[in-house]
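Visitor: Could you take me closely through a single part of this structure, and show how that part sits among its neighbours?

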Amino acid sequence: MSELIDRFDRQVRYLRLSVTDRCNLRCTYCMAEDMTFLPKSKVLSLEEMALIARAFVELGVEKVRLTGGEPLVRHGIIELAEQIRAIDGLRELVMTTNGVLLDKFSKPLVEAGVSRLNISIDSLQPARFKELTRFGEVEDVLRGIDAARKAGFDKIKLNAVILQGINDDEVLDLTQFAVDHGLDISFIEEMPLGEIDSHNRNATQLSSQQIHTMLEQTFDIRPSGFVDPAGGPSRYQQIAGSDTKLGFISPMSNNFCATCNRVRLTVEGRLLLCLGNEHSLDLREIVREYPNDLPRLKAAIVESMQRKPERHHFDPNDITITRHMSATGG
Ligand code: SAM
Ligand code: SF4
């Protein structure tokens, strides 16, 4: 039972920890071309992150996700994973990555206790992948996926953001790739987080329902008995005749806030109580003013639950959240 209960009776059991705002890609829907990154002094140290993670786990959080930016570009990421994995009471340590560095990091991650990976890949076509990420090589990600499959993670899921007119013609190929490689796959609706200059988010919006309609013409999609024990927003189905679970994350078309069980910590130590609102608490101030004062930190976190808003309101025509996903801890 979590001690973290908000005004709407939701229990927070899941922390997404952004370990860096930097990235080795520049996905057009996630970042502007010219991003300014935070100076080191503003970024939480690994020790500060581990302390905050401990406070959350002691309060009842069972699952921690390391994310970013790209978590694998943070120096000391393996040591951080080991420290967090060792916290008593944590059930699961997982990571979301773009996969570029997985060739090098898959084995150390498994050894450090990371049990599941989400790997983002929006295109299998080299030229398009480069365009979508501004300079990435899809080959690096494919090699990374291969290394991850061999390294022994409990589960690997692909995540793809599908944009109308940009990569919607790859929905079937991406799904077939997941089936052929024994991986799960989730499709994510693009959210209007941060100003971008590459495309008009309103014009590229594609709903989970539209993607489902494309898929069911080729794949036999069955209901899945799978229920994410951590209560995630993805609704799962099964591709018949395969091990692949198919998920849809629909922040735009299907509001899932009523079952929200998560909070996010930005790399600056800002505890964000909702992805789509700015309600937050500055935990960096607390850990820097009162180093190692775990009781004080825990009391502040419990108190912050009162600030968790009921729901998000996203409108692709009206970007009210100016922080980019990379700065949020996606
Ligand atoms: N760099 C890592 C990666 O790409 O997996 C982790 C951080 S990234 C911000 C986490 C996820 O957020 C990725 O799957 C990415 O595709 C997704 N994402 C980024 N910007 C988004 C947006 N505006 N709307 C929806 N999903 C977004
Ligand atoms: Fe980097 Fe991930 Fe954002 Fe792409 S989605 S720019 S890989 S943080």
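Guide: What follows is a walk along one helix and on into the strand after it, in a model that is predicted.

Helix 1 runs over residues 46-58, and its 13 residues reach 18 Å from the first C-alpha to the last, close to the 18 Å expected at 1.5 Å a residue. Helix 1 is mostly covered, with 10 of its 13 residues buried; these are L46, E48, M49, A50, L51, I52, A53, A55, F56 and V57. The partners against which the buried residues of helix 1 pack are strand 1 (14-18), helix 2 (77-85), strand 10 (262-265), strand 11 (270-272), helix 9 (283-289) and helix 10 (294-304).

After helix 1 comes G60, whose phi is positive, near 120°. Strand 2 takes up residues 63-67, and five of its five residues are buried, so that K63, R65 and T67 on one side and V64 and L66 on the other leave both faces covered, where buried means under 20% relative accessible area.

Strand 2 pairs with strand 1 in the parallel sense over five bridges, Y14 standing opposite K63, and together strand 1, helix 1 and strand 2 make a right-handed β-α-β unit. Strand 2 also pairs in the parallel sense with strand 3 (residues 92-97), here over four bridges, with R65 standing opposite V94. Strand 2, helix 2 and strand 3 make a right-handed β-α-β unit as well, and helix 2 is also among the elements against which the buried residues of helix 1 pack.

Methods:
Residues numbered from 1 in each chain as written. Chains lettered and ligands numbered in written order. Predicted model: local features only at pLDDT ≥ 70, side-chain atom pairs only at ≥ 80, totals over all residues. Heavy atoms only, no water. Helix = DSSP H or I, 4+ residues; strand = E, 2+ residues; numbered from the N terminus. Expected span 1.5 Å × (residues − 1). Buried < 20%, exposed > 50% of the residue type's maximum accessible area, 1.4 Å probe, protein only. Contact = heavy atoms within 4.5 Å. Pairing = 2+ DSSP bridges. Right-handed = clockwise from strand over helix to strand, strands pointing away.
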